[in-house]
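Let's take a walk through this one together, starting at the surface and working from there. Have the structure open and turn it as we go.

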Amino acid sequence: MTTKPVKSIAVPVVETVDAAEETPAVQQNLIEPAGKGGSEIFKGYEDLLQFNQQNLEALFRSADIVARGVQDLSQSVVALAQGSFEDSLSAGKALAGAKTLKEVIDLSSSLAKSNFDKLVVESQKLGELSSKLAEEAIAPINKRVDAAVQSLTKIAA
């Protein structure tokens, strides 16, 4: 009579002890993947933060380039205005010194042609400076767009 209850009690006890011994291994099998998944999530978050920081740096570089470029353009425009003012003063003196109407007309025609030629040349210079500025300012942003496309391509692959 005692053997049967002992066997029936012993089997669940042994199973319980075996299960208790397996518990750390089971927990380890659950914890390790969770830890790896968590570290991958944090790595992805860190990568995203770094990517956004690089985007901001590119934006600031672009803004700095624009600021310096606008300063250069402004200096060019001021120099052009000063040159034009000096030319106008010289033209006024020359016209005031003209003795005949024909001389006034010839001087006026010559000055108009000269001013037009200067306008064309200076407009081309300003256009080239503006174009160069736009290219330089957009370059850092283009690099970040390329990086984003490469990143998305890797994720999609």
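Leu56, Leu59 and Phe60 come together in a nonpolar patch on the surface, covering about 320 Å². Keep in mind while looking at it that this is a predicted model. Leu56 is part of helix α1, and with a relative accessible area of 46% it is partly exposed. That value matters for the patch, because membership calls for over 30% relative accessible area and no salt bridge.

Now stay on the same helix and find Ser62, which also has its place in helix α1. Is Ser62 buried or exposed? Its relative accessibility is 8%, so Ser62 counts as buried, the cut-off being under 20%. What does Ser62 touch, once its neighbours within four places in sequence are set aside? The answer is Ala137, Pro140 and Ile141. Those three partners sit within the residue range of helix α2, which runs over residues 101-156, while helix α1 spans residues 3-96.

That brings us to the overall plan. The protein has two helices and zero strands. For the contacts with a separation of 6 or more, 77% are between residues 24 or more positions apart. Burial, on the other hand, is a property of few residues here: 7% of the 157 residues are buried. The accessible surface adds up to about 12500 Å², and carbon and sulfur atoms supply 65% of that.

Next, the charges. How many salt bridges does a search of the whole structure turn up? It finds six, and three of them are worth a visit here.

Start on helix α1, where the side chains of Asp64 and Arg68 form a salt bridge with an N to O distance of 3.3 Å. The two residues are four apart in helix α1, about one turn of the helix. Neither end is hidden away: Asp64 is partly exposed at 40% relative accessible area, and Arg68 is partly exposed too, at 45%.

Hop over to helix α2 and you'll find Asp117 bridged to Lys113, with the closest N and O atoms 3.2 Å apart. Here too the partners are four residues apart, about one turn of the helix. Asp117 is partly exposed, its relative accessible area being 37%. Lys113, at 55% relative accessibility, counts as exposed, since the line for that is drawn at over 50%.

Further along helix α2 there's the pair Lys125 and Glu122, whose closest N and O atoms are 3.6 Å apart in a salt bridge. Why are these two about one helical turn from each other? Because they are three residues apart in helix α2. Lys125 is partly exposed, with a relative accessible area of 44%, and Glu122 is partly exposed as well, with 22%.

One more stop, this time for the rings. A search of the whole structure finds zero aromatic pairs. A ring does take part in another kind of arrangement, though: the charged end of Arg144 sits over the ring of Phe51, at 4.5 Å from its centre. By residue number, Phe51 falls in the range of helix α1 and Arg144 in that of helix α2.

Notes. Residues are numbered from 1 along each chain as its sequence is written. This is a predicted model: local features need pLDDT of at least 70, side-chain atom pairs count only at pLDDT 80 or more; totals for chains, interfaces and linings use all residues. Side-chain values use heavy atoms; hydrogens and water are left out. Buried means under 20% relative accessible area, exposed over 50%, partly exposed in between (1.4 Å probe, protein chains only). Contact means heavy atoms within 4.5 Å. Accessible areas come from the Shrake-Rupley method with a 1.4 Å probe; for residues, only the protein chains shown count as cover. Rings of Phe, Tyr and Trp (its six-membered ring) pair if their centres lie within 6.5 Å; planes under 30 degrees apart count as stacked, over 60 as edge-to-face and the rest as tilted. A charge sits over a ring if NZ of Lys or CZ of Arg is within 6 Å of the ring centre and within 35 degrees of the ring normal. A salt bridge is a side-chain nitrogen of Lys or Arg within 4 Å of a carboxyl oxygen of Asp or Glu. Patches are made of residues with over 30% relative accessible area and no salt bridge: like charges are joined within 9 Å, nonpolar side chains (Val, Leu, Ile, Met, Phe, Trp, Tyr) within 5 Å.
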